Amino acid sequence: MLGTGLVKGYVETARNFVGTYTDSQARLVTVEYPEERLPLKEATRQFPFLVYDGADAQAGLRCVACQICEKECPPQCIYIVKSKDKKPDYKKQLQLYPATFDIDISVCMSCQICVEVCPFEAIKMDTEYELSNTDRFGGMLLNKQQLAKDNEHYRRIHPKEAAESDTALAAELAKAEAKARADAEAKAKAKAAAPPPALEGGKTAA
Ligand code: SF4
Ligand code: SF4
């Protein structure tokens with residue numbers, strides 16, 4: 001019948017109009033940002049951050065300055081300078097660390113490739129999006145102090161991913177500890193089995 005579609009449209013509009021007041025959960029209503037914010041999803045990603053363990057942001061940085069992420073970053077917006085000295089990592093092994101680690105987030109395209117290529121669970125994607133700045137150059141170039149965030153932050157923003165990362169690191173640590181124990185035992189056995197040192201005149205020590 002002529003006009004049926006029009007009537008259906010009015011009914012739908014009226015239903016949505018009334019529903020906005022009576023059933024706002026089921027409808028898309030305007031979020032009054034910045035007073036209100038939608039909860040972020042686990043997969044949300046903006047720009048990378050550097051993960052650290054413990055209380056000291058710089059001593060606890062997981063990054064060993066291997067520069068893989070720097071080489072793989074498609075728009076080349078990561079800049080790393082290796083340290084001259086070494087510091088112990090979470091396995092108590094001495095490693096280099098980044099003396100400089102900058103990311104130009106005005107260039108970063110949030111592709112997450114740096115995260116995927118990092119062998120040390122050291123760089124992850126942050127969900128922070130309120131990063132507007134009046135300084136187009138310096139303000140968008142984040143240094144390692146600004147990039148460092150603790151593992152608790154990672155667990156808060158990406159709980160599932162962080163749990164997998166914690167499990168992987170715990171397995172690495174257990175492997176390193178088992179190897180250190182096996183090495184120590186082998187060393188002790190070799191020492192016990194070694195012949196006593198020779199004394200003067202061809203005699204051996206008792
Ligand atoms: S997210 Fe992509 S573009 Fe941004 S720093 Fe990582 S690799 Fe580079
Ligand atoms: S963040 Fe990862 S890949 Fe990049 S330099 Fe550090 S350890 Fe290497």
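A residue is near a molecule or strand if its C-beta atom, placed from the backbone, lies within 6 Å of it. By this rule 13 residues surround ligand 2, and Cys63, Cys66, Cys69, Cys118 and Ile123 come nearest.

This is a predicted model, in which local features need pLDDT of at least 70, side-chain atom pairs count only at pLDDT 80 or more, and totals for chains, interfaces and linings use all residues. Residues are numbered from 1 along each chain as its sequence is written, while chains are lettered from A and ligands numbered from 1 in the order in which they are written.

**The two ligand shells**

The table sets out both shells. Ala, Val, Leu, Ile, Met, Phe, Trp, Tyr, Cys and Pro count as nonpolar, Asp, Glu, Lys and Arg as charged, and the others, Gly among them, as polar.

| Ligand | Residues around it | Nearest residues | Classes |
|---|---|---|---|
| Ligand 1 | 14 residues | Cys73, Cys108, Cys111, Ile113, Cys114 | 12 nonpolar, two polar, no charged residues |
| Ligand 2 | 13 residues | Cys63, Cys66, Cys69, Cys118, Ile123 | 12 nonpolar, one polar, no charged residues |

**The chain as a whole**

The chain has six helices and eight strands. Helices (H or I, at least four residues) and strands (E, at least two) are DSSP runs, numbered from the N terminus. Their order is α-β-α-β-β-β-β-α-β-β-α-β-α-α.

The C-alpha trace spans about 120 × 40 × 30 Å along its principal axes. The radius of gyration is 29 Å, whereas a compact globule of 206 residues would have one near 17 Å. That radius is taken over C-alpha atoms, and the globule rule is 2.2 Å times the number of residues to the power 0.38.

Of the 206 residues, 17% count as buried. Buried means that 20 or more other C-beta atoms lie within 10 Å of the residue's own; 12 or fewer make it exposed, and anything in between partly exposed. Two residues are in contact if their C-beta atoms lie within 7 Å. Among contacts with a separation of 6 or more, 67% join residues 24 or more positions apart.

**The core and β1**

A nonpolar core is a set of buried Ala, Val, Leu, Ile, Met, Phe, Trp, Tyr and Cys residues joined through C-beta atoms within 7 Å. The largest one holds 24 residues, of which Leu50, Cys63, Ile103, Ile123 and Leu147 touch the most other members. Two or more residues come from each of β1 (48–52), β5 (98–104) and α5 (151–157). β1 gives the most, with four residues.

β1 is mostly covered, with five of its five residues buried. Two strands pair if DSSP finds at least two bridges between them. β1 runs antiparallel to β6 (residues 123–125), joined by three bridges. There, Pro48 has Met125 as its bridge partner. β1 also runs parallel to β8 (residues 148–150), again through three bridges. Tyr52 stands opposite Asp150 in β8.

Ile123 touches Pro48, Leu50, Cys63, Cys69, Cys114, Val115 and Cys118, leaving out residues up to four places away in sequence.

**The open sheet**

Three strands form an open sheet in the order β2-β5-β7, with antiparallel pairing. β2 (78–82) and β7 (141–142) stand at the edges with a single partner strand each, so one side of each has no neighbour in the sheet. Two bridges join β5 and β7. Ile103 stands opposite Leu142 in β7.

Asp104 lies in β5. Asp104 counts as partly exposed because 16 C-beta neighbours lie inside 10 Å. Beyond four places in sequence, Asp104 is in contact with Cys77, Met140 and Leu141.
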